[in-house]
Structures are given as C-alpha cells and as structure tokens.
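Subject: Structure handover

Hello,

Here is the structure I said I would pass on. My notes follow it, grouped by region.

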Amino acid sequence: MSHEKACLPEKYSVLLLIADQLCGETVAAHCKDAPVKVVLALTAADALAIVAGSRPDMILIDADLSGEDPVGLYAACKADGELRDVPLIVLVSSTEDRAAFLQNGCQDFLNKPLGHHALHEKLHQYLALHAPGDVRVPYHTPVIINDKNDKYFGLSKDMSEHGIFVATYDRIPEKEEIRLSFALAREEPLPIEVKGRVAWINSKQSPVSSNLPEGFGMEFTGISTEEHAAIKDFIADTTTK
C-alpha cells in the first residue's frame with residue numbers, strides 16, 4: 001500500500017515505512033508538503049518484496065511492529081548489498097527499545113509519538129529535503145521553559161514556523177505539554193508565549209543531530225495568530241538577507 005500526494009514533483013524521494021496503518025497515516029501527513037513518496041509495508045514479507053523490486057531512498061522501521069521481528073528485519077536490510085548505504089532509522093517508544101538494534105549496529109532512531117519537526121530533521125539530514133514553510137533559521141535568545149511542575153532555562157539555537165530547538169542540560173519531560181517564553185528580535189522585541197510538546201531530544205547518549213548541542217526540539221501546538229505571523233515574517237526576512 002502506498003501513501004502519496006495526488007501530484008508528486010518530477011524529482012522525489014521514496015520513503016519505505018515498515019509499520020502499521022496508523023503510523024503510516026501519521027508519517028504521510030507529516031510528509032504531505034515534501035517531495036517524498038511514502039510507501040507503507042505492513043509486514044516484513046511486504047517490505048522485503050518492495051525492496052527486491054526497487055531501492056528506496058530511506059527506510060523507517062517501527063520497533064513495535066506487531067507480530068513481526070523488527071530487529072531481524074533491520075539486520076536483513078543491512079545485510080543486503082543494495083540497501084547497505086540506504087539510511088535506515090528505527091522508530092522507538094522507549095530507551096529499552098534501542099538495545100537490540102544497537103547490538104545490530106543501528107545508529108539512528110526517532111522517538112514516538114513522531115513529530116513533524118523530528119521527521120523533517122531526518123529528511124533534511126539524509127535526503128536534503130525541507131518542506132515549504134518548514135525552513136529553519138539560526139536564532140539565539142534566552143528561553144524560559146515551564147511544564148506542570150517546574151521552570152527550566154535554555155537558549156534557542158534555531159527556529160522554524162512550526163517549532164524551535166532549545167539547548168539545555170535539563171531533562172524536559174517528553175510527551176507532556178510545555179510552555180516557552182522568549183523574545184522575538186524586531187525593531188521592538190515581541191514577547192512570544194507558545195505551547196508545545198517535546199518532539200525529540202538531542203543527548204550525548206542518543207544524539208539526533210551531531211550539529212546541535214544537548215537539548216530538545218519543540219513542536220508548537222498552541223500559538224496566537226499574531227505570534228505565528230511574526231515568526232513567519234522573521235524567518236522570511238532572515239532567509240532573504
């Protein structure tokens with residue numbers, strides 16, 4: 001089964017996703033504005049049949065694939081000479097999920113629930129793709145982080161229309177809603193107050209990007225129209241300079 005837009009550009013990349021239907025719909029939604037064709041395989045047998053017929057540009061394997069052996073499938077893909085150089089990333093829901101894959105040489109993971117920003121980080125890293133409107137620009141400013149119980153402090157490193165990366169040594173709770181406060185640099189600085197969730201964590205133990213310090217990527221889930229427009233304008237001005 002294939003998830004794709006009605007009209008793909010002439011040049012696009014093929015992402016083979018080995019997961020269940022719900023995960024397939026999530027990934028397809030995140031890729032709807034990128035030149036990526038998402039091909040969904042619900043079983044290991046389906047996946048091996050697909051790769052035997054054509055070489056994908058990137059492979060995602062869900063560590064929680066029901067009734068299958070995701071670790072064995074990972075090993076089989078890496079042992080295939082045609083697939084040896086294809087980026088192969090494992091979707092995990094906990095740190096325990098990583099152990100068996102690490103023993104088989106896996107070096108890259110994505111945390112579930114899968115966020116837009118985290119997935120596009122990988123598309124950018126391995127396929128040099130970014131969705132329109134998801135351009136990231138460097139932005140450095142102090143950030144105050146609030147969750148239900150605590151307050152933390154960090155420093156933003158880059159920002160997109162959909163999220164922001166914050167460098168911090170504090171471990172921010174995943175999956176919980178957090179609030180960020182920072183100032184957007186303008187002629188008159190604009191205070192920004194947004195809600196969001198931790199989409200991915202960059203740590204020494206499990207780095208997502210070697211180009212970023214320890215911290216987390218936050219996906220915006222609550223932002224005012226004025227703030228969203230101001231961030232969008234800021235990114236547009238930055239990219240045209």
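Helix 5 covers residues 116-127, and its 12 residues should span 16 Å at 1.5 Å a residue. The C-alpha atoms at its two ends are 16 Å apart, so the helix agrees with that expectation. Bear in mind that this is a predicted model, and the values below are computed from it.

How much of helix 5 is buried? Nine of its 12 residues are, so the rest of the structure largely encloses the helix. The buried residues are His-116, His-117, Ala-118, Leu-119, His-120, Glu-121, Lys-122, Leu-123 and Leu-127.

Strands 10 to 13

Strand 13 runs over residues 215-222, and six of its eight residues are buried, so this strand too is largely enclosed by the rest of the structure. Which strands does strand 13 pair with? One is strand 10 (residues 163-167), antiparallel to strand 13 over five bridges. In that pairing, Phe-165 stands opposite Gly-217 of strand 13. Another is strand 12 (residues 190-202), also antiparallel to strand 13, over seven bridges. Here Gly-196 is opposite Phe-220 in strand 13, and Ile-201 has Phe-216 in strand 13 as its bridge partner.

Strand 12 has 13 residues, of which 10 are buried, so the rest of the structure largely encloses strand 12. Strand 12 also pairs with strand 11 (residues 177-184), in the antiparallel sense and over eight bridges. The connection from strand 11 to strand 12 is a hairpin through five residues. Within this pairing, Ile-178 has Gly-196 of strand 12 as its bridge partner. Gly-196 therefore appears in two places: it is the partner of Ile-178, and it stands opposite Phe-220 in strand 13. As a general point, side chains in a regular strand alternate between the two faces of the sheet.

Aromatic pairs

A pair of aromatic rings is described by the distance of the centres and the angle of the planes. How many such pairs are there in this model? The count comes to two. Tyr-74 and Phe-101 make up one of them, edge-to-face, with 6.1 Å from centre to centre and 90° between the planes. Tyr-74 is in helix 3 and Phe-101 in helix 4 (residues 98-103), so this pair ties together parts that lie 27 residues apart in sequence. Tyr-74 is buried, with a relative accessible area of 3%, and Phe-101 is buried as well, at 2%.

Tyr-139 and Phe-234 also pair: their ring centres are 5.0 Å apart and their planes are at 70°, so the arrangement is edge-to-face. Tyr-139 sits in the loop between strand 7 (137-138) and strand 8 (142-146), while Phe-234 belongs to helix 6 (residues 225-240), so the pair ties together parts 95 residues apart in sequence. Tyr-139 counts as buried at 7% relative accessibility. Phe-234 has a relative accessible area of 16% and is buried.

Two more residues of helix 3

Val-71 has its place in helix 3 (residues 70-79). Is Val-71 buried or partly exposed? Its relative accessible area is 21%, and buried means under 20%, so Val-71 is partly exposed. Not counting residues up to four places away in sequence, Val-71 touches Ala-100, Phe-101 and Asn-104. The C-alpha atoms of Val-71 and Ala-100 are separated by 6.8 Å, with their positions 29 residues apart along the chain. Phe-101, one of the contacts of Val-71, is the ring partner of Tyr-74 described above.

Lys-78 is likewise a residue of helix 3. At 28% relative accessibility, Lys-78 counts as partly exposed. Leaving aside neighbours within four places in sequence, Lys-78 is in contact with Arg-84, Val-86 and Leu-88. Lys-78 and Gly-105 are 27 residues apart in sequence, and their C-alpha atoms are 9.0 Å apart in space.

Cysteines

How many disulfides does a search of the whole structure find? The search gives zero. Cys-23 counts as buried at 13% relative accessibility, and Cys-31 is buried with a relative accessible area of 2%.

Regards

Terms used. Residues are numbered from 1 along each chain as its sequence is written. This is a predicted model: local features need pLDDT of at least 70, side-chain atom pairs count only at pLDDT 80 or more; totals for chains, interfaces and linings use all residues. Side-chain values use heavy atoms; hydrogens and water are left out. Helices (H or I, at least four residues) and strands (E, at least two) are DSSP runs, numbered from the N terminus. The expected span of a helix is 1.5 Å times one less than its number of residues. Buried means under 20% relative accessible area, exposed over 50%, partly exposed in between (1.4 Å probe, protein chains only). Two strands pair if DSSP finds at least two bridges between them. A disulfide is a pair of cysteine sulfur atoms within 2.5 Å. Contact means heavy atoms within 4.5 Å. Rings of Phe, Tyr and Trp (its six-membered ring) pair if their centres lie within 6.5 Å; planes under 30 degrees apart count as stacked, over 60 as edge-to-face and the rest as tilted.
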